[in-house]
Amino acid sequence: MNEQVSMCFKITNWCNLCCDHCCELSGPKCAREVMPLVRMEQLLTEFQDIKIIRTSDFYTIGGGEAMAPYFFKDKQYIPRALDMIYQANGIPTIKTNAAWGRYESLCKPILKDLATVATKHQIVTTLDISIDEFHDNLGATTNIIETLMKNKGIAEAVRIFLVGFDTNASRWQLFKLRKQLNERGIKTISHFGINDDFFVQYKGITMQIFGSFNTPIYKMGRAAKTQVFTAEEPTGLPSIEGLTLTHCMTVDNTDLATLNYKHKEIINGRPLNDVFQSLLTKVYNPGR
Ligand code: SF4
């Protein structure tokens, strides 16, 4: 079986929302700081040296809220981070709560920035948006999709991936989102029987919206305190896609590396490959 690892830069713990179910211990009271770009660049370089049978080229920018730099009035951070990922031949995903879509001053400028970088490198940027029953972001997500559809040239550069839990409440959110889009003149067309994907159509432009409503629920972080969830602990095992085991490594801006949402090590000046190999040992030999 092949194995691969994807990398997530957890650039901040600051978040403009404060969801009860948050596994990240993030919120508006967390420090308004982000991982320095120079550190992200080092991690990107070291990630190329990770020794595993097969490495994935997928990189995620997450948080807290990954668009935090825009809230801190730093408009260069996200475009420069994307540039670095593209230059490393990577494919970027931004994990966001999408609440910036509420604000006219942020929604279109951010999407334009994403489109500019993506057009330059000829690769789309994915926005991974949670629209489950806990996030207050339906209107904002509707605004984002509407802006993409009604502004020529940006729909092609940004891909939307909607994520929810495997609950009726999450799917109800998806239904409400589609209803709001329809009310704004954006037709939504289902792709029944395969998954939660659907198409949006406006004046000759068609875009596929990807969906996945089977996110596992973990009782970690604030969720453990608020008892919002009743789900299992994370297993620490990589997810299996086809015949490939996919590990997920997150590094935050305190230099804490986490593998598969469970195994943790402080990097402490070591090469990323050493840290990864050590974390991998914990995955396969949890008792050691
Ligand atoms: S769950 Fe996401 S949006 Fe909600 S507080 Fe945590 S990081 Fe922010």
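1. In what follows, Ala, Val, Leu, Ile, Met, Phe, Trp, Tyr, Cys and Pro count as nonpolar, Asp, Glu, Lys and Arg as charged, and the others, Gly among them, as polar. With that division, the shell of residues around the ligand in this predicted model is made up of five nonpolar, five polar and one charged. There are 11 residues around the ligand, and those that come nearest are Cys15, Leu17, Cys19, Cys22 and His135.

2. A reader new to the structure may next turn to Asp196, which is placed in the loop that runs between strand S6 (187-190) and strand S7 (198-202). Is Asp196 buried or exposed? Its relative accessibility is 18%, and because buried means under 20% relative accessible area, Asp196 counts as buried.

3. The surroundings of Asp196 can be described through its side chain, which makes a polar contact with the side chain of Arg171 at 3.2 Å and also reaches the backbone nitrogen of Phe213 at 3.5 Å. When neighbours within four places in sequence are left aside, the residues in contact with Asp196 are Arg171, Leu174, Gly211, Ser212 and Phe213.

4. How many aromatic pairs does a search of the whole structure find? The search finds eight, and one of them joins Phe47 and Tyr59, whose ring centres are 5.4 Å apart with planes at 65°, so that the pair is edge-to-face. This pair links distant parts of the chain, since Phe47 belongs to helix H1 (residues 37-48) and Tyr59 to strand S2 (residues 58-62), with their positions 12 residues apart in the numbering. Both Phe47 and Tyr59 are buried.

5. Trp172 and Phe175 form a pair with another geometry: their ring centres lie 5.0 Å apart and their planes stand at 15°, so this pair is stacked. Both residues belong to helix H6 (residues 168-183), and because they are three residues apart there, about one helical turn separates them. Phe175 has a relative accessibility of 46% and therefore counts as partly exposed.

6. Aromatic residues also appear in a group, as Trp14, Phe71, Phe72 and Tyr103 form one aromatic cluster.

7. Finally, two arginines should be viewed together with aromatic rings. The charged end of Arg159 sits over the ring of Phe210, at 5.0 Å from the centre of that ring, while the charged end of Arg178 sits over the ring of Phe198, at 4.7 Å from its centre.

Key:
Residues numbered from 1 in each chain as written. Predicted model: local features only at pLDDT ≥ 70, side-chain atom pairs only at ≥ 80, totals over all residues. Heavy atoms only, no water. Helix = DSSP H or I, 4+ residues; strand = E, 2+ residues; numbered from the N terminus. Buried < 20%, exposed > 50% of the residue type's maximum accessible area, 1.4 Å probe, protein only. Polar contact = N/O pair within 3.5 Å; in protein donor to acceptor, adjacent residues only side chain to side chain. Contact = heavy atoms within 4.5 Å. Near = heavy atom within 4 Å. Phe/Tyr/Trp six-rings, centres within 6.5 Å; stacked < 30°, edge-to-face > 60°. Lys NZ or Arg CZ within 6 Å of the ring centre and 35° of its normal.
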